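Student: I would like to go through this model step by step. Please show the sequence and the structure before we start.

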Amino acid sequence: DEPIDFTSEDIFFALDLQPQVQTAQATFYQHMRRQGVIVKFLVHDILCVLEPQYFVEGAAKGYTDWLHVVGDTDGVICVSRCVANELEQWMKAHIWKRQRRFTIDWSHNGAGLGIIPTQSEPRKPAGELIKRLRDGEVFLMVGTVEPRKGHSQVLDAFEQLWRDKHEMNLVIVGKEGWLVENLSGRLRNHAELNKRLFWLNSINDEQLEQVYAASSCLIAASYGEGFGLPLIEAAQHKLPIIARDIPVFREVAGEHAYYFEAETSDVLAQAIKTWLGLQQDNQQPKSDKMPWLTWKQSANNLVKLLNPVG
């Protein structure tokens, strides 16, 4: 691309997360600021710093370096109020000598992009993906298979439910991430694989839409998140939600999800049984009226936060 010029009336907003690249460009950000440009960043989460046990060795150090670069600019927009609060608390313990005000705002992510089939990805009906599902409830997990997502605890709970003769299916949608070698081996060699346990690790967005439509309930078991887009996707399909009781899920789903606090798989299995009882009486929390933003609304919010007088 052709180089672009900038003036004192411009705003540079780093929308993409590229910690290594952006850390290397720290000097350039300060050069722009000296020319009067406002420099701000989007922050998805700071989990890598707050909960380093869920990430590869050295990740927290690189992310901390990036946060110091961010903290030397003019401000951030976080994807949730929870992330904004966490960042504010973290920054209180890391003091910078500042000459200009640093702002911390937040705006929820959007959802609802239409899925357009392509010639390279022909339409495949949901039946081809889940035709082997047995009769019974279909519980869905969506997201990269990584330690903080809670897959191991959920699988332990379902193994107990299966032993107790509950006819239900667990569908995991997500690519293999990091630090899950034992879990991925367990999934691939599980006795219930493609019977009552399904791991779909390479489906496209259109197929995911169809899996949502065919499911009975979403399980959001993450120990930590920046936002939680699957909650919104579930609500778009009027899919009930079982979610771990963490602040960001409360922020996003409010009263429209059933929450569990489970340190052990036994407690989680009981929570699922309780939800099934509520569902039988049509008393389970419903996601139908859960509020969410379109991507256009989310983008408009970002513009207003970046240029409040514009």
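Student: Is C217 buried or exposed?
Tutor: This is a predicted model, and the cut-off for a buried residue is under 20% relative accessible area. C217 has a relative accessibility of 0%, so C217 counts as buried.

Student: Is C82 buried or exposed?
Tutor: The same cut-off of under 20% applies. The relative accessible area of C82 is 14%, so C82 is buried.

Student: Which cysteine has the sulfur closest to that of C82, and how many disulfides does the structure hold?
Tutor: A disulfide needs two cysteine sulfur atoms within 2.5 Å. The closest cysteine sulfur to that of C82 belongs to C78, and because the distance is 11 Å it is too far for a bond. For the structure, the number of disulfides is zero.

Student: How are helix 4 and helix 5 oriented where they pack?
Tutor: Helix 4 covers residues 59-71 and helix 5 residues 81-92, and their axes lie 12 Å apart at an angle of about 90 degrees. Angles of 65 to 115 degrees count as roughly perpendicular. Helix 4 and helix 5 are therefore roughly perpendicular.

Student: How many charged residues are in the contact of helix 4 with helix 5?
Tutor: On helix 4, T64, L67, H68 and G71 take part, and they meet L87, W90 and M91 of helix 5. The contact residues divide into four nonpolar and three polar, and the number charged is no residue.

Student: Which helix gives the largest share of the largest nonpolar core?
Tutor: That core has 62 residues, and L87, L218 and L231 touch the most other members. Beyond its neighbours within four places in sequence, L87 contacts V43, I46, L67, V76, C78 and I104. The largest share of the core is six residues, from helix 5.

Note on methods: Residues numbered from 1 in each chain as written. Predicted model: local features only at pLDDT ≥ 70, side-chain atom pairs only at ≥ 80, totals over all residues. Heavy atoms only, no water. Axes fitted to C-alpha atoms, helices over the stretch in contact; angles between N-to-C directions. Helix = DSSP H or I, 4+ residues; strand = E, 2+ residues; numbered from the N terminus. Parallel < 35°, antiparallel > 145°, perpendicular 65-115°, else oblique. Contact = heavy atoms within 4.5 Å. Nonpolar A, V, L, I, M, F, W, Y, C, P; charged D, E, K, R; others polar. Core = buried A, V, L, I, M, F, W, Y, C linked by side-chain atoms within 4.5 Å. Buried < 20%, exposed > 50% of the residue type's maximum accessible area, 1.4 Å probe, protein only.
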